[in-house]
Amino acid sequence: MLGDVTEAQDYAAWIGRSETRDDLLTQSIVDRFNATLDRDDPAAALGDAAPPLIHWLLFLPHERQSGLGPDGHAARGGFLPPVHHLPRRMWAGGRFRFAAPIRVGMALRRTSTIADVKARTGATGELVFVTVRHDLTEADGAPLLTEEHDIVYRSAATVAVKPPSEFPPQGVWHRSLVPDATLLFRYSALTFNGHRIHYDRSYVTREEGYPGLIVHGPLVATLLLDLVRRNRSEATLRSFAFRALSPMFDGSLLNLNGMPPDAEGRIALWATNAEGGLTMRAEAVVA
């Protein structure tokens, strides 16, 4: 364990490291995003306010094919710390503050900074959590949103399938769907995500020990915010936070739930599996 602790301490050298990327939000990106969410919105027009979390389809990775690891992710090192002794990497959660709408046609800039690295021991063994802060602005510097992105690294020796321990009732707002392999493939394509757990059934079951393709945590979070769009389309989003609690798998019922905003504009959101077990908890705040 001493070696692991020393390695974790070495990761602190990555705190403060940053990178900047530029991108352009086009009409076709928004149209493909809405189509993947099974919406019937009219075609996007220049100047339209874009749907929330559309920025996850921008600033995409561009590693060469030869630079990918066996799991389809970029090989360790570079911007993120090289957590070599914990090969499994997943999205754990995130927090957002929205300053102004992202609009179709905007030239955008994202500055990403390693905000924190922490080593912990959980029910599935050693874990390393990396928090990345993303500041999204217009090209001229006008602020649009700030995101804190939590990444968790774990050992290959254990499978992080934590059975849900909470079984909340259905929300006032409710939508159910079955994420299939096609939906997962399309979302991976939208985000240029090569992680094989989302589309390679042989890999995810034989190499990582899961029972099926894993539904992207960001996709579930996006679907929860889409539930807000479907019920309060006129609301102005101020903040959003989500935490992934247990993985969802393709071919299984996903239940999206929410409550109307309270007096402070807080909207409780949660996702459950086919048995009603809690898999993601979230909160949006609207004006």
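Which residues form one aromatic cluster? They are Trp-56, Trp-91, Phe-96, Phe-98, Phe-240 and Phe-242. Keep in mind that this is a predicted model. Let us start with the rings and then move on to two side chains and the empty spaces.

A pair of aromatic rings is described by the distance of the centres and the angle of the planes. The count of aromatic pairs here comes to eight. Take Trp-56 and Trp-91, which form an edge-to-face pair. Their ring centres lie 5.0 Å apart, and the planes meet at 70°. This pair links distant parts of the chain. Trp-56 sits in the loop between H2 and strand S2. Trp-91 belongs to strand S2 itself, which spans residues 88-98. The two are 35 residues apart.

Is Trp-56 buried or exposed? Trp-56 counts as buried, because its relative accessibility is 9%, under the 20% cut-off. Trp-91 has a relative accessible area of 27%, so it is partly exposed.

Now look at a second pair, Phe-240 and Phe-242. These rings are stacked, with 6.1 Å from centre to centre and 25° between the planes. Phe-240 counts as buried at 2% relative accessibility. Phe-242 is buried as well, at 5%. Both Phe-240 and Phe-242 belong to the aromatic cluster named at the start.

Next comes a polar contact. Asp-150 lies in strand S5. Thr-131 lies in strand S4, which covers residues 125-138. What distance separates the side chains of Asp-150 and Thr-131 in their polar contact? It is 3.0 Å. Asp-150 counts as buried because its relative accessibility is 15%. Thr-131 is buried too, with a relative accessible area of 16%.

Each of these residues has other neighbours. Set aside residues up to four places away in sequence, and Asp-150 touches Met-90, Trp-91, Ala-92, Gly-93, Gly-94, Arg-95, Val-130 and Thr-131. Trp-91 in that list is also a member of the aromatic cluster. With neighbours within four places again left out, the contacts of Thr-131 include Arg-95, Thr-113, Ile-114, Glu-148 and His-149. Arg-95 is thus in contact with Asp-150 and with Thr-131.

Now turn to the empty spaces. Rolling a probe the size of a water molecule over the atoms shows where empty space is left. The second largest pocket has a volume of about 730 Å³. It is lined by 35 residues, and the closest to its centre are Ala-49, Ala-50, Pro-51, Pro-52 and Ala-235. Which elements give two or more residues to this lining? They are helix H2 (27-36), strand S5 (143-154), helix H5 (217-231) and strand S7 (237-244). The lining of this second largest pocket divides into 23 nonpolar, four polar and eight charged residues.

How many cavities of 30 Å³ or more does the structure hold? The structure holds one. The largest cavity encloses about 30 Å³ of space. Its lining is made of Phe-33, Leu-37, Pro-51, Pro-52, Thr-222, Leu-225, Asp-226 and Arg-229. H5 supplies the largest share of that lining, four residues. By type, the cavity lining splits into five nonpolar, one polar and two charged residues. Pro-51 and Pro-52 turn up in both places: they line the largest cavity, and they are among the residues closest to the centre of the second largest pocket.

Note on methods:
Residues are numbered from 1 along each chain as its sequence is written. This is a predicted model: local features need pLDDT of at least 70, side-chain atom pairs count only at pLDDT 80 or more; totals for chains, interfaces and linings use all residues. Side-chain values use heavy atoms; hydrogens and water are left out. On a 1 Å grid over the protein atoms alone, a cavity is a set of points where a 1.4 Å probe fits but cannot get out, and a pocket is an open set with protein on both sides within 12 Å along at least five of seven lines; lining residues have an atom within 4 Å of a point. Grid points are joined across faces, edges and corners, and a volume is the space filled by probe spheres set on the points. Ala, Val, Leu, Ile, Met, Phe, Trp, Tyr, Cys and Pro count as nonpolar, Asp, Glu, Lys and Arg as charged, and the others, Gly among them, as polar. Buried means under 20% relative accessible area, exposed over 50%, partly exposed in between (1.4 Å probe, protein chains only). A polar contact is a pair of N or O atoms within 3.5 Å; within protein, one must be able to donate a hydrogen and the other to accept it, and residues adjacent in sequence count only if both atoms are side-chain atoms. Contact means heavy atoms within 4.5 Å. Rings of Phe, Tyr and Trp (its six-membered ring) pair if their centres lie within 6.5 Å; planes under 30 degrees apart count as stacked, over 60 as edge-to-face and the rest as tilted.
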